Amino acid sequence: MNHDQDGADVLREQLSALMDGELEGSEKAFLMRRLAHDQDLKASWDRYHQIREVLSEPQGPRRSMDFADRVMAAIEAEEAPAPQRAIRSGGSGQGWRQAFGAAMAAGVAAVAFWVTEPVAPELTDPGAGRSASMVELPANAPTLMPVPLLAPVQRASFGDSGAGGTQLAPLEAHYLLQHAAAGVPSAPGTASAYVEWAAQQR
Amino acid sequence: MSEADTDLELVSRVLKGERKVFDLIVRRYQSRVCAAVAKVLRRSPDIEDVAQETFLRAYRALPSFRGDSSFYTWLYKIAINTARNHLATNSRRPQLADVDISVAEHFEDERRLLDRDTPEKEMLREEVEQTVLKAVDALPEDMRTALTLREVDGMSYEDISKLMECPIGTVRSRIFRGREAIDRLLRPLLKD
Amino acid sequence: MLALATLLLAPVLHADEMQTVLARFGSAEQNLSYRLTWVVSDARPPQVLERIHRAGQRQSSLELLSGGATATLPLPTLPSAQPESAQRLLLLQQSYRLEPRARETVARRVVLPVWFRPNDGLRYATMLWLDVETGVPLKTQVHDSDGRILEYSVATALELLPDATDPAASAPASARNGSWRIDPMPPGFRMVAVHREGAREQLFLLDGLATISIFVEPADGRRTGAMRRGAMSSLIREQQGARLTAVGGVPLVTLERVLNAAIPTGCAGSGC
């Protein structure tokens with residue numbers, strides 16, 4: 001057995017635990033020191049996090065492959081000295097003043113931000129902002145009842161299989177397709193149903 | 001012991017002068033920050049620029065991070081605020097996008113408006129995703145279960161060990177070996 | 001000065017144009033025959049599909065162009081599930097705020113993007129890029145309430161086909177009343193068609209954009225549960241001797257609400 005190989009494996013196992021927040025004590029301290037300048041370990045960190053991204057399925061626009069490189073290039077380009085302060089603040093008033101002084105000297109802009117909750121604006125105010133061009137409803141039209149904002153739905157598993165999956169039995173897929181075909185091709189969900197059918201053709 | 005502790009450790013190192021450690025933080029949260037910005041900016045082509053600005057602001061503001069919330073919560077607030085500022089500044093600008101989808105040779109993925117990848121990088125990303133998904137499917141069941149519980153459900157090692165009825169050390173090993181098996185296939189794809 | 005005036009007037013012009021294009025959107029499926037080729041970009045791998053739609057006919061077809069082999073799926077339509085344009089627009093305005101954007105180009109055709117912003121959490125936010133000439137959506141983006149994209153598809157070609165409407169090929173009108181009803185109906189939805197095929201009945205609900213089907217069959221102890229793929233959710237339950245499968249381009253909570261309100265037509269209320 002190659003001793004170097006074993007050593008590298010041990011480090012990567014520790015890295016794997018570190019990214020999960022499950023590494024402690026001297027192992028953690030040693031790995032942190034190593035991680036700052038070990039390019040192979042950094043590359044493993046990057047790839048492990050890419051695996052995480054694929055598996056945890058962040059939705060929405062995908063970030064470009066060199067996003068992190070561009071961020072670091074922008075930071076380097078600012079040529080600001082690395083911000084200096086101990087973060088555990090209990091009694092670090094002096095440290096705060098030093099950091100503030102350093103920041104002012106470097107001309108670093110202060111960042112002001114406030115605490116807000118991320119809520120889709122249109123869903124917090126149902127019924128607001130109706131346009132003047134809205135058509136008059138006939139007398140027997142159903143009344144629009146205000147509906148409280150519902151919690152986002154978690155992805156549910158089908159049947160009792162446990163941790164979420166979207167595997168469909170062909171019988172269930174048949175319902176999706178029959179619904180999608182029922183006559184409104186532009187309706188949300190139609191493309192998803194067709195994708196399910198397409199997936200079954202492979 | 002938690003991921004938040006790892007974050008604190010990384011932040012602490014940056015504050016001690018190891019600027020390059022910030023790179024690890026960026027790689028850890030880049031997708032989530034983009035997703036947070038996208039919540040506010042929706043289909044704007046500025047999402048990546050605003051996400052980049054978020055990390056720059058976070059870097060400059062690190063001395064003010066007191067550790068009384070988790071680092072990611074702090075970063076997330078910066079992302080939302082930066083995105084909202086961008087929205088407020090740019091709300092009067094009319095949409096000038098004029099997109100033409102070419103038909104025959106290859107269809108353009110509209111999402112390329114939102115990132116800056118070349119076609120080669122876009123294909124690489126697709127390949128990375130396919131490789132990871134196929135590799136996970138091919139893992140032995142105990143590794144796949146442990147890794148899925150960790151990455152998809154965000155469970156701690158302790159909770160996974162209770163669920164899988166095995167020691168925590170075994171959970172750690174299974175997750176590592178699962179990642180390694182996938183990583184072996186990714187390495188040749190991502191070699192610079 | 002002219003540029004400034006154009007910018008200031010832009011929202012007004014868009015709103016006027018939106019009414020026109022929406023009217024076309026509402027009647028496109030009734031009046032037009034076309035072949036639409038499009039890419040579902042959020043699928044892994046992306047899928048290229050082609051659909052032929054025949055105005056007023058029972059059959060459309062869906063062809064899979066990507067992945068090597070082609071496969072064809074005949075799509076039986078329920079013509080009576082496509083409401084009249086005026087009714088559809090009325091329904092739309094009850095449940096959504098409609099916001100146009102500036103014109104763009106998709107598949108070499110001029111489109112008007114329109115945001116359909118839901119008034120409540122029972123439906124998804126959808127952006128449709130509507131072909132200005134025909135009203136056919138050439139790009140679709142569906143978001144959940146967290147802003148995550150659930151569905152994203154882009155047309156690469158739209159070809160209008162000669163009108164081959166054959167009155168004899170039209171489907172007979174569907175029943176108006178099913179053996180089950182939804183009471184109370186979720187806000188904004190209306191049952192527009194009921195279709196029977198053997199022992200299975202399909203109740204079809206519409207809010208002007210989103211659609212829900214409830215398939216009613218005899219209970220048989222098969223697997224039940226919930227599932228979502230992209231923007232399409234399904235929820236299956238067995239209740240009162242029937243198997244109810246709710247399927248729709250809506251959040252699962254909406255399907256839950258629908259099934260909670262499903263009762264056999266003969267019943268007066270709970271406890272039936």
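The following exchange examines a predicted model and the reasons for several descriptions applied to it.

Reader: Why is Val21(B) called buried?

Author: Val21(B) has 22 C-beta neighbours inside 10 Å, and a residue is buried if 20 or more lie within that distance; Val21(B) therefore counts as buried. Val21(B) is located in the loop between helix H1 (3-15) and helix H2 (22-41) of chain B.

Reader: Which residues does Val21(B) touch, leaving aside those up to four places away in sequence?

Author: Val21(B) touches Leu10(B), Arg13(B) and Val14(B), together with Ala36(A). From Val21(B) to Val11(B), 10 residues apart in sequence, the C-alpha to C-alpha separation is 8.1 Å.

Reader: What makes Ala107(C) buried, and what makes Gln240(C) exposed?

Author: Ala107(C) has 24 C-beta neighbours inside 10 Å and so counts as buried. For Gln240(C) the number is 12; a residue is exposed if 12 or fewer C-beta atoms lie within 10 Å, and Gln240(C) is therefore classed as exposed. Ala107(C) has a positive phi of about 50 degrees although it is not a glycine. Gln240(C), not a glycine either, has a positive phi of about 50 degrees. Ala107(C) is in the loop between strand S6 (104-106) and strand S7 (109-118) of chain C, and Gln240(C) is in the loop between S16 and S17 of chain C.

Reader: Where is there a cis peptide bond in chain C?

Author: The bond from Asp183(C) to Pro184(C) is cis, with omega near 5 degrees. Pro184(C) belongs to the loop between S11 and S12 of chain C.

Reader: How do you know that the length of helix H4 (residues 67-78) of chain A is close to the expected one?

Author: H4(A) has 12 residues and reaches 17 Å from its first C-alpha to its last. The expected span is 1.5 Å times one less than the number of residues, which gives 16 Å for this helix. The span of H4(A) is thus close to the expected one.

Reader: Why are the buried residues of H4(A) said to lie on the same side?

Author: The buried residues of H4(A) are Phe67(A), Ala68(A), Val71(A) and Ile75(A). They cover an arc of only 100 degrees around the axis, which puts them on the same side of H4(A). On the other side, Ala73(A), Glu76(A) and Ala77(A) are exposed. The cover over the buried residues of H4(A) includes H2 and helix H3 (47-61) of chain B.

Reader: Why are S12 and S15 of chain C described as standing at the edges?

Author: The open sheet has 6 strands in the order S12-S13-S14-S17-S16-S15 (chain C), with antiparallel pairing. Strand S12 (190-197) and strand S15 (225-229) each have a single partner strand, so one side of each is left without a neighbour in the sheet. From one strand to the next the twist averages 15 degrees.

Reader: How do you know that S13 and S14 of chain C pair?

Author: Two strands pair if there are at least two bridges between them. Strand S13 (residues 200-206) and strand S14 (residues 211-218) of chain C have 6 bridges, in the antiparallel sense, and the criterion is met. Leu205(C) stands opposite Ile212(C) in S14(C). Helix H3 (residues 252-260) of chain C packs on the sheet, touching S14, S15, strand S16 (232-239) and strand S17 (242-248) of chain C. The direction of H3(C) makes about 30 degrees with that of S16(C). Among the buried residues of H3(C) are Leu252(C), Leu255(C) and Val258(C).

Reader: Which residues have the most contacts inside the largest nonpolar core?

Author: In this core of 83 residues, they are Tyr194(A), Leu130(C), Leu138(C), Ala155(C), Ile212(C), Ile214(C) and Ala246(C). Beyond its neighbours within four places in sequence, Ile214(C) is in contact with Leu203(C), Leu244(C), Ala246(C), Val258(C) and Ala262(C). Another core, of 65 residues, lies apart from it and includes Ile75(A), Val11(B), Ile78(B) and Ile175(B).

Reader: How many helices and strands does chain A have, and how many does chain B have?

Author: Chain A has 8 helices and 0 strands. For chain B the count is 8 helices and 0 strands. Of the 202 residues of chain A, 30% are buried; of the 192 residues of chain B, 44% are buried.

Note on methods: Residues are numbered from 1 along each chain as its sequence is written. Chains are lettered from A and ligands numbered from 1 in the order in which they are written. This is a predicted model: local features need pLDDT of at least 70, side-chain atom pairs count only at pLDDT 80 or more; totals for chains, interfaces and linings use all residues. A nonpolar core is a set of buried Ala, Val, Leu, Ile, Met, Phe, Trp, Tyr and Cys residues joined through C-beta atoms within 7 Å. Two residues are in contact if their C-beta atoms, placed from the backbone, lie within 7 Å. Helices (H or I, at least four residues) and strands (E, at least two) are DSSP runs, numbered from the N terminus. The arc is that of the directions from the helix axis to the C-beta atoms. Axes are lines fitted to C-alpha atoms, for helices over the stretch in contact, and angles run from 0 to 180 degrees between N-to-C directions.
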